[in-house]
Amino acid sequence: MGIDLEPLNKAPSTKSGFVYDRLRAGILSGELQPDQRLRLAELASKFGISQMPVREALRMLQRDGLIMMEDHRGATVANLSWRRAYEFVDVRTYLEVYAALKALPYHTSSTVMRLRDLLDRMNDPSAMRDAQYYSKLNRQFHEALFEPGPNTVLKFQIEDLWNKVWNVRRLSIFSVDKSRTQGAQIEHQAILNAIESNDANALEDAMHRHRNQTLITWLRIVEESEANPESISRSASDESGG
């Protein structure tokens with residue numbers, strides 16, 4: 001098992017939370033790979049604790065969608081189907097429209113400058129050709145849209161939905177549909193223009209257009225993956241991203 005599982009030296013009431021944090025970090029970093037088995041007895045031994053807090057930590061990870069629990073196989077790191085990932089993206093992008101609008105009054109010259117810098121980096125031809133790198137910049141751009149907003153619960157929910165797909169679904173839409181970056185950049189520019197002009201109506205329209213085009217691309221990939229799964233892997237050329 002790739003992640004460093006040092007024995008636990010914490011109070012009993014924190015054991016399940018500690019195990020949860022360590023395993024979650026391992027999944028989101030990619031140290032624990034999709035479909036990798038998580039054996040209860042092995043984890044308990046490596047952490048130096050009983051199986052009960054490990055079992056509770058696994059239930060918490062299952063609740064988060066990061067692992068799958070099966071009767072005859074036990075726990076495995078989740079490997080999301082494209083359709084399941086699409087459902088997470090559908091909800092996440094809906095929340096992002098609301099979050100961006102709520103954050104609009106709180107943007108400053110420095111937050112707008114960060115958005116402009118990210119957009120410039122994404123426009124670089126080398127970024128447009130590197131799906132993994134572009135995906136990371138794309139997530140940073142999206143997070144910068146609503147980061148100034150005061151609603152921490154909303155931001156946590158959006159981040160959680162990103163994480164459910166980010167490292168569990170190993171391929172991004174940009175690695176599968178490389179032409180999507182060009183359309184996304186046009187949409188990102190419209191979003192930035194609306195923020196710079198402090199125009200809530202224009203921002204709402206731009207965010208909805210971006211969401212709709214993103215979901216159209218996702219749905220096309222979902223349908224292709226269900227009709228011909230191998231075609232997705234071939235078109236991605238073994239690239240990964242979020």
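**Figure 1. D35 sits in a loop and is partly exposed.** In this predicted model, D35 has a relative accessible area of 39%. Partly exposed is the right term because the value falls between the 20% limit for buried and the 50% limit for exposed. The loop that holds D35 runs between helix 1 and strand 1 (37-38). Phi of D35 is positive, near 75°, and D35 is a residue other than glycine. Most residues other than glycine have a negative phi.

**Figure 2. N198 is another residue with a positive phi.** N198 is a residue other than glycine, and its phi is near 55°. Where does N198 lie? The place of N198 is in the loop between helix 10 and helix 11. N198 counts as exposed because its relative accessibility is 51%, over the 50% limit.

**Figure 3. The whole protein sets the scene.** The protein has 242 residues, and 48% of them count as buried. Twelve helices and three strands make up its list of elements. The accessible surface comes to about 12200 Å². Carbon and sulfur atoms hold 49% of that surface. Now take the contacts with a separation of 6 or more: 74% of them join residues 24 or more positions apart.

**Figure 4. Helix 1 has a buried side.** Helix 1 covers residues 15-29, which is 15 residues. From first C-alpha to last, helix 1 reaches 21 Å. That is close to the 21 Å expected at 1.5 Å a residue. Among the buried residues of helix 1 are F18, V19, Y20, L23 and I27. S16 and R22 are buried too. What do the buried residues of helix 1 pack against? Their partners are helix 2 (40-47), helix 3 (51-63), strand 2 (67-70), strand 3 (74-77) and helix 8 (152-166). G30 follows helix 1 and has a positive phi, near 90°.

**Figure 5. Helix 8 is capped by N151.** A side-chain oxygen of N151 lies 3.2 Å from the backbone nitrogen of V153. This contact caps the N-terminal end of helix 8. The end C-alpha atoms of helix 8 are 20 Å apart. That agrees with expectation, because 15 residues at 1.5 Å a residue should span 21 Å. The buried residues of helix 8 include L154, I158, L161, W162 and W166. K155, D160, N163 and K164 are also buried. Which elements cover these buried residues? The cover includes helix 1, helix 3, helix 4 (82-103), helix 7 (131-146) and helix 11.

**Figure 6. H210 is buried in helix 11.** H210 has a place in helix 11, which covers residues 200-227. H210 counts as buried because its relative accessible area is 6%, under the 20% limit. Leave out residues up to four places away in sequence, and H210 touches H142, R180, A184, E187, H188 and I191.

**Figure 7. Nonpolar residues gather in cores.** In soluble globular proteins, nonpolar side chains tend to be buried together. Here, the largest nonpolar core has 46 residues. L145, I195, L203 and W218 have the most contacts inside this core. At least two residues of this core come from each of helix 4, helix 5 (109-123), helix 7, helix 8, helix 9 (173-176), helix 10 (180-196) and helix 11. Helix 4 gives the most, with nine residues. Now zoom in on L203. Residues up to four places away in sequence aside, L203 touches A100, L101, L104, I191, A194 and I195. A second, separate core has 21 residues, including I27, A44, A57 and M60.

**Figure 8. Three strands form an open antiparallel sheet.** The strand order in this sheet is 1-3-2. Strand 1 and strand 2 are the edge strands, since each pairs on one side only. How many bridges join strand 1 to strand 3? Two bridges join them, and the strands run antiparallel. One bridge pairs L38 with A75 in strand 3. Strand 2 and strand 3 are joined by four bridges and also run antiparallel. In strand 3, T76 is the bridge partner of M68. A hairpin of three residues links strand 2 to strand 3. Strands of a sheet pair through backbone hydrogen bonds.

How values were computed: Residues numbered from 1 in each chain as written. Predicted model: local features only at pLDDT ≥ 70, side-chain atom pairs only at ≥ 80, totals over all residues. Heavy atoms only, no water. Buried < 20%, exposed > 50% of the residue type's maximum accessible area, 1.4 Å probe, protein only. Contact = heavy atoms within 4.5 Å. Areas by Shrake-Rupley, 256 points an atom, 1.4 Å probe, with all protein chains shown as cover. Expected span 1.5 Å × (residues − 1). Polar contact = N/O pair within 3.5 Å; in protein donor to acceptor, adjacent residues only side chain to side chain. Core = buried A, V, L, I, M, F, W, Y, C linked by side-chain atoms within 4.5 Å. Pairing = 2+ DSSP bridges.
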